[in-house]
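Student: I would like a close look at a single part of this model. Please describe one helix, its surroundings and its start.

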Amino acid sequence: GQKFKFATISTEIESSDVSYEVNSISNYITVDCDELYRLAIFSAEYQESKQLIGISVKNGEFRVSVKNVRSANHSSKINSSIIGNVADTEKEAEIPTHGLLKALKLFQDKRCREVNIYFNNDILIIFDNETQAKVFISNR
């Protein structure tokens, strides 16, 4: 019926030793997951969008811009807090919208209010105490 879900239980599955990169990360930004998710949805549905989201840190603030085919990009400052020593970025990292949406959906399903973000020139890692998601950055 509609009130029941199908579940499968198995007893002979070997446990795997999974190592997380987040154990070695000490400098990151904690952001509001809902705000970032809404901006990613806007980028995905906006007709003029290039399907890229730019992220940067400026003056200790986390900034997100939605890239579009027009000359002016939408730019937002998201509520965030810096953990450790996060330096201002020299240039904006461009992340494919579909990759960011898939990663954020993991945390939306868990009903996370805040997520931690670490990024460098190559990769963006979104994580909390139990889950981590990696999105590759496509700087052009």
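Tutor: The following account concerns helix α1 and what surrounds it. This is a predicted model, in which local features need pLDDT of at least 70 and side-chain atom pairs count only at pLDDT 80 or more, while totals for chains, interfaces and linings use all residues. Residues are numbered from 1 along each chain as its sequence is written, and side-chain values use heavy atoms, with hydrogens and water left out.

Helix α1 spans residues 33-45, 13 residues in total; helices here are DSSP runs of H or I with at least four residues, and strands are E runs of at least two, numbered from the N terminus. From first C-alpha to last, α1 reaches 18 Å, close to the 18 Å expected at 1.5 Å a residue, where the expected span is 1.5 Å times one less than the number of residues.

The buried residues of α1 are C33, L36, Y37, L39, A40 and S43. They lie on the same side of α1 because they cover an arc of only 160 degrees around the axis, the arc being that of the directions from the helix axis to the C-beta atoms. On the other side, R38 and E45 are exposed. Buried means under 20% relative accessible area and exposed over 50%, with partly exposed in between (1.4 Å probe, protein chains only).

The elements that cover the buried residues of α1 include the strands β1 (28-32), β2 (49-58), β3 (61-68), β4 (74-78) and β7 (114-119), together with helix α2 (97-109).

At the start of α1, a side-chain oxygen of D32 comes to within 2.9 Å of the backbone nitrogen of D34.

Technical notes:
Contact = heavy atoms within 4.5 Å. Polar contact = N/O pair within 3.5 Å; in protein donor to acceptor, adjacent residues only side chain to side chain.
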